[in-house]
Amino acid sequence: MKRAALLALLLGSALAVRPAVTPALLQAAAAEGERLAAAPEAGYPLRPYTVYAVPDTLKLVAANGSVDAVTIATPFERTRYEVFLHRLGEDPVTPAEARAQAELPDHQVAFIVFAHGRTPDDQAFLSQFSAARLTLGGQSAPLLGTARSGASISQYPRTEGEIGLRFIGTVTYRFRLPAGLENASGTLRFTDATGKAFTLPVQLSRYR
């Protein structure tokens with residue numbers, strides 16, 4: 001399934017952020033991942049973790065810039081996702097193995113930006129994203145790293161006036177959560193490949 005169509009499926013309620021995955025939360029994440037994988041036709045429920053999304057992820061609109069959606073990743077959610085992925089691949093893992101493969105340590109969050117190139121031949125768009133800044137409760141959360149995926153081709157079938165082919169990929173910004181601000185509100189700021197500035201409200205208390 002192409003990424004744009006997959007994103008439309010994924011964007012399909014969450015609790016407060018758990019900064020550390022305790023043994024009880026680890027078991028809960030594993031159980032949820034197993035349950036979700038038992039109904040793969042429903043997709044993986046990223047909508048509760050969506051910070052921003054364009055109205056139609058299958059349609060290119062120049063005014064939207066190059067960003068299709070932004071989701072937040074938490075230690076609990078990424079652990080659940082690893083269990084889900086491995087079960088779908090018929091390669092189940094233990095809860096501890098899923099936690100290790102989640103690659104998001106306790107007391108950290110990440111923001112995953114789903115994006116596309118400006119033109120059908122633009123493969124360098126991910127390198128044109130700026131660094132990001134996360135402000136929570138009036139404090140800046142330290143940016144620990146920025147990861148860029150490879151680019152692959154996908155189609156936006158509801159685009160008007162053209163075939164809607166673009167290279168797509170993700171930019172992932174990873175932050176450390178300052179102590180005491182695990183459920184704070186604030187803003188995420190970055191600039192995309194078109195120069196469009198994004199200032200997105202973030203309310204950590206919405207996520208687990």
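Where is the place of glutamate 103? Glutamate 103 sits in the loop between helix H4 (95–101) and strand S3 (108–116). The model is a predicted one. This report starts with that loop, then turns to salt bridges, a pocket, a surface patch and a few spacings.

## The loop between H4 and S3

Two residues of this loop have backbone angles worth a look. Glutamate 103 is not a glycine, yet its phi is positive, at about 55°. Histidine 107 is not a glycine either, and its phi is also positive, at about 65°. Histidine 107 is likewise placed in the loop between H4 and S3. As background, most residues other than glycine have a negative phi.

Are these residues buried or exposed? Glutamate 103 is exposed, because its relative accessible area is 69% and the cut-off for exposed is over 50%. Histidine 107 has 37% relative accessibility, so it counts as partly exposed.

## Salt bridges

How many salt bridges does a search of the whole structure find? The search finds nine. The table shows some of them.

| Salt bridge | Closest N to O distance |
|---|---|
| Arginine 80 and glutamate 32 | 3.0 Å |
| Glutamate 77 and arginine 78 | 2.7 Å |
| Arginine 118 and aspartate 122 | 3.7 Å |

Take arginine 80 and glutamate 32, which form a salt bridge with their closest N and O atoms 3.0 Å apart. This pair links distant parts of the chain, with the two positions 48 residues apart in sequence. Arginine 80 belongs to helix H3 (residues 75–88), and glutamate 32 belongs to helix H2 (residues 23–37). Both arginine 80 and glutamate 32 are buried.

Glutamate 77 and arginine 78 form another of the bridges, at 2.7 Å between the closest N and O atoms. Glutamate 77 counts as buried because its relative accessibility is 0%. Arginine 78 has 15% relative accessibility, so it counts as buried too. The cut-off that matters here is under 20% relative accessible area.

In the bridge of arginine 118 and aspartate 122, the side chains meet at 3.7 Å, N to O. Which of the two is buried, and which is partly exposed? Arginine 118 is partly exposed, because its relative accessible area is 43%. Aspartate 122 is buried, because its relative accessible area is 10%. Elsewhere, salt bridges that share partners join Glu32, Arg80 and Arg208 into one network.

## The second largest pocket

What is the volume of the second largest pocket? Its volume is about 160 Å³. There are 13 residues lining this pocket, and those closest to its centre are Val61, Ala62, His116, Arg118 and Arg166. Arg118 thus appears twice in this report: in the pocket lining and in the salt bridge with aspartate 122. By class, the pocket lining has three nonpolar, six polar and four charged residues.

## A nonpolar surface patch

Which residues make the nonpolar surface patch of about 240 Å²? Ile153, Ile163 and Leu165 make this patch. Isoleucine 153 is placed in strand S7 (residues 152–155). With a relative accessible area of 36%, isoleucine 153 is partly exposed. A patch residue needs over 30% relative accessible area, so the 36% of isoleucine 153 passes that cut-off.

## Positions and spacings

Three more residues show how sequence separation and distance in space go together in this model.

Tyrosine 207 is in the segment after strand S10 (197–203). Tyrosine 207 is buried, because its relative accessible area is 1%. How far apart in space are tyrosine 207 and arginine 18? Their C-alpha atoms are 8.3 Å apart, although the two residues are 189 residues apart in sequence.

Glycine 145 lies in strand S6 (residues 143–148). At 22% relative accessibility, glycine 145 counts as partly exposed. Glycine 145 and proline 40 are 105 residues apart along the chain, and 31 Å separates their C-alpha atoms.

Glutamate 82 is in helix H3, the helix that also holds arginine 80. Glutamate 82 is buried, because its relative accessible area is 14%. Between the C-alpha atoms of glutamate 82 and proline 92 there are 9.4 Å, with the two residues 10 residues apart along the chain.

Key. Residues are numbered from 1 along each chain as its sequence is written. This is a predicted model: local features need pLDDT of at least 70, side-chain atom pairs count only at pLDDT 80 or more; totals for chains, interfaces and linings use all residues. Side-chain values use heavy atoms; hydrogens and water are left out. Patches are made of residues with over 30% relative accessible area and no salt bridge: like charges are joined within 9 Å, nonpolar side chains (Val, Leu, Ile, Met, Phe, Trp, Tyr) within 5 Å. Accessible areas come from the Shrake-Rupley method with a 1.4 Å probe; for residues, only the protein chains shown count as cover. A salt bridge is a side-chain nitrogen of Lys or Arg within 4 Å of a carboxyl oxygen of Asp or Glu. Helices (H or I, at least four residues) and strands (E, at least two) are DSSP runs, numbered from the N terminus. Buried means under 20% relative accessible area, exposed over 50%, partly exposed in between (1.4 Å probe, protein chains only). On a 1 Å grid over the protein atoms alone, a cavity is a set of points where a 1.4 Å probe fits but cannot get out, and a pocket is an open set with protein on both sides within 12 Å along at least five of seven lines; lining residues have an atom within 4 Å of a point. Grid points are joined across faces, edges and corners, and a volume is the space filled by probe spheres set on the points. Ala, Val, Leu, Ile, Met, Phe, Trp, Tyr, Cys and Pro count as nonpolar, Asp, Glu, Lys and Arg as charged, and the others, Gly among them, as polar.
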